[in-house]
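Trainee: I have a model open and would like to know how its descriptions are justified. Can we go through them one at a time?

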Amino acid sequence: MFLKGKRALVTGSTSGIGLAIARALHEEGVEIVLNGLGNPAEITKLVGELEAQFHGANLLDPQEIEAMMREIGPVDILVNNAGMQHVAPVEDFPPEKWDAIIALNLTAAFHTTRFAIPAMKKAGWGRIINTASAHSLTASPFKSAYNASKHAIAGFTKTIALELAQTGVTANCISPGYVWTPLIEGQIPDTMAARGLTREQVINDVLLAKQPTKKFVQPEEVGALAVFLCRKEAGNVTGANWSIDGGWTAE
Ligand code: NAD
């Protein structure tokens, strides 16, 4: 139990991939700070289940991020995972959606990271994991803001890995393909509209068409990869972009 007693903030951990990462780290004895939006009763249940702390900062607001980082105190593991999507042709893409996606998927990670680093450096140990996407390595049409934010977070991750290379702190991206979560379910209607397809066509001909395994990635599989990146044995793994995409980006 190398990770027992370490503290992790997992952003966007009230749902989907972030929740699976929080659960996987909790099983290793990590103290979890949950963050995200959602139904208060469900969040209270998760806090009990994971014996966790919770901070409800809205990560679209840098002042709320700063307050959260001060209030929760130092963390050993930072998982920048909160993210959102919007699907529309670029000429119809609402500018406010562009700004929100860049703010949440990219800028929020800059702010949490800059506040988390000093304590990690002082401790001589830390792990920064950014949930990027297969869309950090390749693009799909109608996802301009998302693709831009995910390519950018991969570049940000490499930069901090280099800056922290001699401090005991590593920084890596995890890049899932399609994982069956509310984020994916939510984009199906917009994709049906943008491409003129049925729900089944979107699932089979757009989403799973990308993944040679023809299977959605499971959130628990992403959780297991995050645990590996936190292990002692992963101390020399830094600046990498870890695909977990059923072979999507091998093509
Ligand atoms: P999800 O919608 O299930 O979860 C998103 C989480 O982010 C939730 O906890 C939500 O409350 C939180 N969140 C949303 N807006 C927020 C805000 N303003 N402030 C704080 N928290 C906020 O989505 P998911 O599929 O689990 O996605 C998690 C991450 O994984 C995202 O960065 C996403 O881009 C990435 N990703 C998802 C897939 C996929 O197929 N699902 C694939 C690749 C990458």
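Trainee: Which residues line the second largest cavity?

Mentor: Keep in mind that this is a predicted model. The lining of the second largest cavity consists of Val87, Ser140, Pro141, Phe142, Lys143, Tyr178, Thr191, Arg195, Val206 and Lys210. The volume of this cavity is about 40 Å³.

Trainee: What makes three residues of that lining charged?

Mentor: Asp, Glu, Lys and Arg count as charged. The list includes Lys143, Arg195 and Lys210, and these belong to the charged class. Beside the three charged residues, the lining has five nonpolar and two polar ones.

Trainee: How many cavities of 30 Å³ or more does a search of the whole structure find?

Mentor: Two. The largest has a volume of about 90 Å³. Its lining has 13 residues, and Asn80, Asn81, Ala82, Leu104 and Ala109 lie nearest its centre. Two or more lining residues come from each of α4 (95-123) and α5 (144-163). The largest share, five residues, is from α4. By class, six residues of this lining are nonpolar, six polar and one charged.

Trainee: What makes a space a cavity, where another is a pocket?

Mentor: The test is whether a 1.4 Å probe that fits inside can get out: in a cavity it cannot, while a pocket is an open set. The largest pocket here has a volume of about 750 Å³. It is lined by 37 residues, and Asn81, Ala82, Gly83, Met84 and Leu183 are the closest to its centre.

Trainee: Which helix gives the most to the lining of the largest pocket?

Mentor: That is α6, with four residues. At least two residues each come from α1, α5 and α6. The classes in this lining are 17 nonpolar, 18 polar and two charged.

Trainee: Which residues line the second largest pocket?

Mentor: Thr14, Leu19, Leu37, Gly38, Asn39, Glu42, Ile43, Lys45, Leu46 and Glu49 do. The pocket holds about 170 Å³ of space. With five residues, α2 gives the most to this lining. Four of the lining residues are nonpolar, three polar and three charged.

Trainee: Why are α6 and α7 called roughly perpendicular?

Mentor: The axes of α6 (residues 182-195) and α7 (residues 199-207) cross at roughly 95°. Angles from 65 to 115 degrees count as roughly perpendicular. The two helices therefore get that description. Their axes come within 9 Å.

Trainee: Which residues of α6 and α7 meet?

Mentor: From α6 there are Ile184, Gln187, Ile188, Thr191, Met192 and Arg195, and they meet Arg199, Val202, Ile203, Val206 and Leu207 of α7. This contact has seven nonpolar, two polar and two charged residues. Thr191, Arg195 and Val206 also appear in the lining of the second largest cavity.

Trainee: How do you know that Arg23 and Glu49 form a salt bridge?

Mentor: The rule asks for a side-chain nitrogen of Lys or Arg within 4 Å of a carboxyl oxygen of Asp or Glu. For Arg23 and Glu49 the N to O distance is 2.7 Å, so the pair passes under that cut-off. By this rule the count comes to three salt bridges.

Trainee: What does the pair of Arg23 and Glu49 tie together?

Mentor: Arg23 is in helix α1 (residues 16-27) and Glu49 in helix α2 (residues 40-49), so the bridge ties together parts 26 residues apart in sequence. Glu49 is also one of the residues that line the second largest pocket.

Conventions. Residues numbered from 1 in each chain as written. Predicted model: local features only at pLDDT ≥ 70, side-chain atom pairs only at ≥ 80, totals over all residues. Heavy atoms only, no water. 1 Å grid on protein atoms, 1.4 Å probe; cavity = no way out; pocket = protein on both sides within 12 Å on 5 of 7 lines; lining within 4 Å. Points joined across faces, edges and corners; volume = space filled by probe spheres on them. Axes fitted to C-alpha atoms, helices over the stretch in contact; angles between N-to-C directions. Parallel < 35°, antiparallel > 145°, perpendicular 65-115°, else oblique. Contact = heavy atoms within 4.5 Å.
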